[in-house]
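Reader: I'm new to this one. Could you walk me through it, starting with a helix?

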Protein chains: 2
Amino acid sequence: MSDNSPFDLRDFLPYALNQAAEATSRAFQQYYKGKYGMLRTEWRVLFHLGRHGSLTAKEICERGSIHKTKVSRAVAALEQKRLLSRKTLPDDRRHEILQLTKNGSAVFTDLCASARAYDAELAGQFTAEEQVVLRRCLSRIAAL
Amino acid sequence: MSDNSPFDLRDFLPYALNQAAEATSRAFQQYYKGKYGMLRTEWRVLFHLGRHGSLTAKEICERGSIHKTKVSRAVAALEQKRLLSRKTLPDDRRHEILQLTKNGSAVFTDLCASARAYDAELAGQFTAEEQVVLRRCLSRIAAL
DNA sequence: AGATATTAGTTGATTTTGTAACTAACAAGC
DNA sequence: GCTTGTTAGTTACAAAATCAACTAATATCT
């Protein structure tokens with residue numbers, strides 16, 4: 001067996017992960033794209049800010065492992081939608097402290113609720129034990 | 001708990017899936033991108049052809065759930081790299097039968113070996129039972 | 001202090017993707 | 001036979017991602 005038995009693409013973990021990721025992302029996009037015209041990176045930046053309060057762009061890059069140009073553009077877009085505001089730090093004027101506006105917080109709350117509901121819907125497909133294993137496996141892979 | 005407890009992005013399944021998928025894809029890209037200058041869709045198309053012999057573009061779209069424009073471009077790219085050839089079917093001149101060239105088959109064999117090795121490396125991170133659960137969960141999610 | 005190196009963040013050019021309109025070949029209805 | 005409809009695949013244009021070069025502010029080294 002094995003060495004020259006052509007394996008199924010579905011058995012190839014990177015492929016399986018991609019298909020699963022795409023399926024769930026597509027579904028959840030409807031919430032933030034349809035309702036707020038947001039892009040995925042925007043949603044992520046919004047999320048980090050909503051979750052952790054004030055952050056600099058750099059910190060968002062690190063926490064989310066997102067490239068700085070993506071963050072830069074997402075921040076600009078969110079600012080234009082009046083969902084966040086920037087303040088240059090007086091101590092070091094290279095840093096910009098980002099913070100959600102009242103409006104941004106409301107959007108965050110709304111999207112969080114949707115996210116939680118969607119996550120629950122997904123999780124409902126599995127037994128408690130499967131969920132534990134799945135999440136453990138995913139975080140271990142992501143940490144590679 | 002719950003309704004307004006801000007959940008961690010890492011616990012959000014679509015996010016966790018994306019991070020894991022990106023981590024593994026990035027790693028495997030090096031093989032086909034670095035060595036053969038191929039894009040992901042090209043590798044997938046190559047794979048389907050290597051795996052199943054001759055197929056039309058349509059069949060590849062269906063098997064891989066890839067949009068036809070992506071397949072069309074990947075086919076053009078692979079053709080230019082002399083990794084596949086097309087033959088118009090005389091019965092119905094709308095169909096083009098795609099087939100790997102000798103060169104294409106060699107690349108397929110090589111990439112399959114790499115893919116299998118990489119998959120094994122990933123799988124090695126988990127117990128047999130975890131692997132089963134993981135794959136089962138992923139395919140169930142992808143089927144949504 | 002003044003030259004050099006780093007760091008935060010932005011901008012621009014190129015590449016890739018996604019969406020929609022298009023061509024060519026065939027099928028069906030009348 | 002000719003209009004209408006479908007199907008396979010391509011192409012054109014817009015949206016987005018990637019990569020490299022850039023600006024501005026601070027830190028470091030001598």
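Author: Sure, and keep in mind that this is a predicted model. In α6(B), the buried residues are B:Val133, B:Leu134, B:Cys137, B:Leu138, B:Ile141 and B:Ala142.

Reader: How do the buried residues of α6(B) fall when seen down its axis?

Author: An α-helix has 3.6 residues a turn, so residues three or four places apart point the same way. Down the axis of α6(B), the buried residues fall within an arc of 155°, so they line one face of the helix. Turned away from that buried side is a face with the exposed residues B:Ala128, B:Glu129 and B:Val132. So the answer is an arc of 155°.

Reader: What covers the buried residues of α6(B)?

Author: Look across to the other chain for this one. The cover includes three helices of chain A: α1 (13-36), α5 (102-123) and α6 (128-142).

Reader: Which element of chain B gives the largest share of the side that touches chain A?

Author: On this side, 37 residues of chain B are in contact with 37 residues of chain A. The elements giving two or more residues to it are α1 (13-36), α2, α5 (102-123) and α6 (128-142) of chain B. The largest share is 12 residues, and it comes from α1(B).

Reader: Which helix packs on the sheet of chain B?

Author: The sheet is open, with three antiparallel strands in the order β1-β3-β2. Its edge strands are β1 (55-56) and β2 (84-88) of chain B, each pairing on one side only. The helix touching β1, β2 and β3 of chain B, at about 85° to the direction of β3(B), is α2 (residues 40-52) of chain B.

Notes. Residues are numbered from 1 along each chain as its sequence is written. Chains are lettered from A and ligands numbered from 1 in the order in which they are written. This is a predicted model: local features need pLDDT of at least 70, side-chain atom pairs count only at pLDDT 80 or more; totals for chains, interfaces and linings use all residues. Two strands pair if DSSP finds at least two bridges between them. Helices (H or I, at least four residues) and strands (E, at least two) are DSSP runs, numbered from the N terminus. Two residues are in contact if their C-beta atoms, placed from the backbone, lie within 7 Å. Axes are lines fitted to C-alpha atoms, for helices over the stretch in contact, and angles run from 0 to 180 degrees between N-to-C directions. A residue is buried if 20 or more other C-beta atoms lie within 10 Å of its own, exposed if 12 or fewer, and partly exposed in between; C-beta atoms are placed from the backbone. The arc is that of the directions from the helix axis to the C-beta atoms.
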